[in-house]
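Please open the model in your viewer and keep the selection tool at hand, since this tour moves from one selection to the next.

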Amino acid sequence: MTALPAAASGAAAASGAAAAEPSGRVLVFSKTAGFRHDSIPEGIAALKELGEQGGFAVDATEDAAAFTRGNLARYDAVVFLSTTGDVLDTAQQSAFERYVRAGGGYVGVHAAADTEYDWPFYAGLVGAYFRSHPAIQQARVDVEDHAHPATAHLGSRWERTDEWYDYRTNPRERVRVLAALDESSYQGGKMGEDHPISWCQDYRGGRAFYTGFGHTKESYADPAFRQHLLGGIRYATGTAHADCRPEQGYHPIFDGTSTDGWKQAGPGAFTLDTSSGTLTSTGGMGLLWYQARELRSYSLKLDWKMTGDSNSGVFVGFPASDDPWSAVDNGYEVQIDATDTPDRTTGSVYGFQSADLAKRDAALNPPGEWNTYEIRVQGERLRIWLNGVKINDFTNRDPVRSLRQGYVGIQNHGEGDEVSFRNIRVKDLPAKGGGHHGR
């Protein structure tokens, strides 16, 4: 699959904000003390256009004197656009470090990884330093994260031409990798089978996004790449949310290509769209459950998107059954629903315990945009993360139910309730006690 068109939700939000006054401000910094990319002017122009579309003002500078505590406080994020070499002095570094620790955002583009080699804080912020690169050529990009706003508009594979960086270290253990290069698709790569090229992380109180794309002038006219940049900026400024915790050890139980191992219980169905890798609910009230394996102690992650005030949920800890009401009566539902009582809205354990509403609301992306749940079950304890933020911690004390083993499924709630799911994956965890069964 090649890149899909830009996400409709992001495009709609951007166009809707274009006529309004800017709601944020971004600083684009492009000072170079080493190699200078001739694509920098195109990059600045593209970022200013994205700002007009996305509702944020853009200031561009190559003057490091802009890095003062007072001036940086004006900005929601700072973009290092193909900076190279030692571009900030000690006082400017200190000001920027305080800015990030206070919650500021960072976006690194391409040669931002070829910058400030002697500054440990920056090394952690950018994620990895540049090592080398072969000639400009076409390569295949494998998209790993399908919920982050920088990659949600892309298919599972993205064919594009650029200058492909090798990095001195692999950042995967410290960051959430969004996309990686397939070194078999081009000549000269030196990182091997695992070659991250774009990633994000929560870093020392701030939000950081890096992309290795952006060497060529042509990149900045590419709609898919521009949407990639816009999504990274939206994450860095905090206007869009994503789970940017490192992720390893998960295996897919729905990878977007088939529903092998899944079974529909009850009325309605889920529509599989292999071009976008999604399952979308239709009709109901039913349940699509993963019958291939009963789970015991695990972390379940999945991406979901709703339209309007739709209703759905993720069921855990229920016995095998072709009756969807068995999951209701014997398991627990992690709810997806915008408007109901607190114990029946998004992030709640339906009918039993509300999410922390302040944390939930701060982490939630609106209808039309992707969100990520992590549902962690160990013993009788069920914890829920929304876009990387823990919003619920529930312990089963019902003697009729048990979370210690059971199946998982996604609900198709009824007519008019349209919720899409993709990238459903699971990781086995060590068993832990908890609840009445663990006493």
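Begin with the largest pocket of this predicted model, which encloses about 570 Å³ of space. Of the 28 residues that line the largest pocket, select Val143, Glu144, His146, Pro252 and Asn423, which are the closest to its centre. To see where the walls come from, colour strand 6 (137–143), strand 12 (251–254) and strand 24 (419–428), the elements that give two or more residues to the lining. If you then colour the lining of the largest pocket by residue class, you will find seven nonpolar, 13 polar and eight charged residues.

From strand 12, follow the chain into the loop that leads to strand 13 (262–265), where Asp255 is found. Show the side chains of Asp255 and Thr257, and a polar contact of 2.6 Å can be drawn between them. Adding Thr274 to the selection lets you check a second separation, for Asp255 and Thr274 lie 19 residues apart in sequence and 9.3 Å apart in space, taken from C-alpha to C-alpha.

Next, turn to the enclosed spaces, of which the structure holds two with a volume of 30 Å³ or more. The largest cavity has a volume of about 60 Å³, and selecting Met285, Gly286, Leu287, Phe315, Pro324, Trp325, Val328 and Gln411 displays its lining. Which elements each supply at least two residues of that lining? They are strand 16 (284–290) and helix 7 (324–330), so labelled in the numbering of elements from the N terminus. By class, the lining of the largest cavity comprises six nonpolar and two polar residues, with no charged residue among them.

While strand 16 is on display, pause at Met285, which is found in this strand and also belongs to the lining of the largest cavity. The peptide bond that joins Gly284 and Met285 is cis, with omega at about 20°.

For the second largest cavity, with a volume of about 40 Å³, select Asp145, Ala147, His148, Arg176, Ala242, Asp243, Glu247, Thr372 and Arg425. How many charged residues does the lining of the second largest cavity have? There are five, alongside two nonpolar and two polar residues.

Now clear the view and show helix 2 (residues 40–54) together with helix 6 (residues 223–237), which pack at an angle of about 65° with their axes 10 Å apart. Viewed along the line between them, helix 2 and helix 6 make a right-handed crossing. On the side of helix 2, display Ala46, Leu47, Glu49, Leu50 and Gln53, and on the side of helix 6 display Arg226, Leu229, Leu230 and Ile233, which they meet. The residues of this contact between helix 2 and helix 6 divide into six nonpolar, one polar and two charged.

As a last stop, go to the loop between strand 3 (77–81) and helix 4 (90–101), and select Ser82 there. The backbone of Ser82 deserves a look at its torsion angles, with phi near 45°, a positive value in a residue other than glycine.

Technical notes: Residues numbered from 1 in each chain as written. Predicted model: local features only at pLDDT ≥ 70, side-chain atom pairs only at ≥ 80, totals over all residues. Heavy atoms only, no water. 1 Å grid on protein atoms, 1.4 Å probe; cavity = no way out; pocket = protein on both sides within 12 Å on 5 of 7 lines; lining within 4 Å. Points joined across faces, edges and corners; volume = space filled by probe spheres on them. Helix = DSSP H or I, 4+ residues; strand = E, 2+ residues; numbered from the N terminus. Nonpolar A, V, L, I, M, F, W, Y, C, P; charged D, E, K, R; others polar. Axes fitted to C-alpha atoms, helices over the stretch in contact; angles between N-to-C directions. Left-handed = near helix turned anticlockwise from the far one by under 90°. Contact = heavy atoms within 4.5 Å. Polar contact = N/O pair within 3.5 Å; in protein donor to acceptor, adjacent residues only side chain to side chain.
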